[in-house]
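Dear colleague,

I am passing on the structure that follows, and I would be glad if you could read the notes beneath with the model open beside them.

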Amino acid sequence: MSEINNRRAAAAGKLSSERIDALLVSHLPNVRYLTGFTGSHAMLLLGRNSATLYTDPRYDLQASAQCDCPVRIAKGPLLTEVVKEIRRRRFRRVGIESERLSYQQGIEFRSALRRQAEIKPVAALVESLRAIKSASERKAIRAAVELNSKAFETVMRRFRPGMTERSLAAEIAFEMRNLGADGEAFPTIVASRAHSALPHAEPRGVRIQSGGFLLVDMGAALNGYASDMTRTMYVGHPGQRAKDLYAAVLEAQLAAIDAVKPGVPAASVDAAARAVLQRRGLGGYFRHSTGHGLGLEIHEMPRLGANCDTLLEPGMAVTIEPGAYVPGFGGVRIEDTVLVTGRGCEILTPTPKELVVLTV
């Protein structure tokens, strides 16, 4: 069996425990994971012994080329064709991706199947499978990470003070494409000086000037798989306060990486980073979780947060990205993509982490 066939078999094997006859897969990354289809409009009806992809006439040739399961081309709403198949196969209990199907689609689906089938919300059935990456997925993520780092290093060699945050972000996006990426995995964050204290700052048309941090958070998508990396530099000559802030975040990041091992609760990784920053008097400036899974999407299971009891398993690809953000002064975040292995973890991100000083 092909890898995609194995994925569908694994997902179908979970239908019995959910007590459903079929699952309507509506989230496009899940559809891609189970079929290989990369179009922008599709649904998959997955039964215990069947799978049918539904899309529209724009994707007739593409779907036939990419999928090894039956394909139905719908000239109207996809749900209408899905309902016909459910009736034809006499499915009595059909699961829907409760966090993915829109409210309106849910209403229409229930109404169309009234008296024919019971609809049951199902959470994260496919996502739980996606959390463990296969050998081919690990290879794809590694390639995306390496391309991302190469783009960063190439662009930063061209950096000159006086560039705007927006122009630096645009150069990064261009260089990713130039190196062969599908595109950005998410909009690149470039934030300088006090603006770097916003964890998800948007690049501005403001010139990057001496005397503060320069934070770059970027990710390339390659063959559908995402990478994610943050590096924080200093423009000019950093004072002791800036050096101490950077050192504290780096120590927290290394502590979190050291905590990544199979069988460890995700919350323990977050706690390792948070303990360092708390000891350094920066606990109140760490305003997000320590990391997240990534793959076909930039945010996947598991979340590495304070209340996440998911046990790490070999094959999980996660980010480790603690930060400290001081209003009016600036912020530091250091992020790597790491792979959980049988004994610990492998850092995939090759870009060095010592504080880089960009001279003026």
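The notes below go through the sheets, then the helix pairs, and then a few single residues.

Please bear in mind throughout that this is a predicted model.

**The six-stranded sheet**

One open sheet is built from six strands in the order 4-3-2-1-5-6, and the pairing within it is mixed. Its edges are taken by strand 4 (71–73) and strand 6 (118–122), each of which has a single partner strand, so that one side of each is left without a neighbour in the sheet. From one strand to the next, the twist averages 25°. Helix 6 packs on this sheet, where it touches strand 1 (22–25), strand 2, strand 5 (93–97) and strand 6, and the direction of helix 6 makes about 150° with that of strand 6. Within the sheet, strand 2 (residues 42–47) and strand 3 (residues 51–55) are paired in the antiparallel sense over five bridges, and in this pairing Met-43 stands opposite Tyr-54 of strand 3.

**The three-stranded sheet**

Another open sheet has three strands in the order 7-10-11, with antiparallel pairing. Strand 7 (183–184) and strand 11 (225–226) are the edge strands here, each pairing on one side only. Strand 7 is joined by two bridges to strand 10 (residues 220–222), and the two strands run antiparallel; Glu-184 has Ala-220 of strand 10 as its bridge partner.

**Helix pairs**

Besides its packing on the six-stranded sheet, helix 6 (residues 103–112) packs with helix 5 (residues 78–89) at an angle of about 35°, the two axes being 10 Å apart. The crossing of helix 5 past helix 6 is right-handed. On the side of helix 5 the contact is made by Leu-79, Val-82, Val-83, Ile-86 and Arg-87, and on the side of helix 6 by Gln-105, Glu-108, Phe-109 and Ala-112. Sorted by class, this contact of helix 5 with helix 6 has six nonpolar, one polar and two charged residues.

For helix 8 (residues 135–157) and helix 9 (residues 165–178), the axes come within 9 Å and cross at roughly 130°, which makes helix 8 oblique to helix 9. Helix 8, too, passes its partner, helix 9, in a right-handed crossing. Leu-147, Asn-148, Ala-151, Thr-154, Val-155 and Met-156 of helix 8 make the contact with Leu-168, Glu-171, Ile-172, Glu-175 and Met-176 of helix 9. The residues of this contact divide into seven nonpolar, two polar and two charged.

How do helix 10 and helix 11 lie relative to one another, roughly parallel or roughly antiparallel? The axes of helix 10 (residues 240–259) and helix 11 (residues 266–279) come within 8 Å and cross at roughly 155°; as angles over 145 degrees count as roughly antiparallel, that makes helix 10 roughly antiparallel to helix 11. The crossing of helix 10 and helix 11 is right-handed. In helix 10, Ala-248, Val-249, Glu-251, Ala-252, Ala-255, Ala-256 and Ala-259 meet Ser-268, Val-269, Ala-272, Ala-273, Val-276, Leu-277 and Arg-279 in helix 11. Eleven nonpolar, one polar and two charged residues take part in this contact.

**Salt bridges and backbone details**

The structure contains 25 salt bridges. One of them is formed by the side chains of Glu-297 and Arg-130, with 3.0 Å from N to O. Glu-297 lies in the loop between strand 13 (291–293) and strand 14 (300–304), whereas Arg-130 belongs to helix 7 (residues 125–130), so the pair ties together parts that are 167 residues apart in sequence.

Two points in the backbone may also be worth a look. The peptide bond that leads from Met-301 to Pro-302 is cis, with omega near 0°, and Pro-302 lies in strand 14. Arg-193, which is found in the loop between strand 8 (189–192) and strand 9 (212–218), has a phi near 50°, a positive value in a residue other than glycine.

With best regards

Technical notes: Residues numbered from 1 in each chain as written. Predicted model: local features only at pLDDT ≥ 70, side-chain atom pairs only at ≥ 80, totals over all residues. Heavy atoms only, no water. Pairing = 2+ DSSP bridges. Helix = DSSP H or I, 4+ residues; strand = E, 2+ residues; numbered from the N terminus. Axes fitted to C-alpha atoms, helices over the stretch in contact; angles between N-to-C directions. Parallel < 35°, antiparallel > 145°, perpendicular 65-115°, else oblique. Left-handed = near helix turned anticlockwise from the far one by under 90°. Contact = heavy atoms within 4.5 Å. Nonpolar A, V, L, I, M, F, W, Y, C, P; charged D, E, K, R; others polar. Salt bridge = Lys/Arg side-chain N within 4 Å of Asp/Glu carboxyl O.
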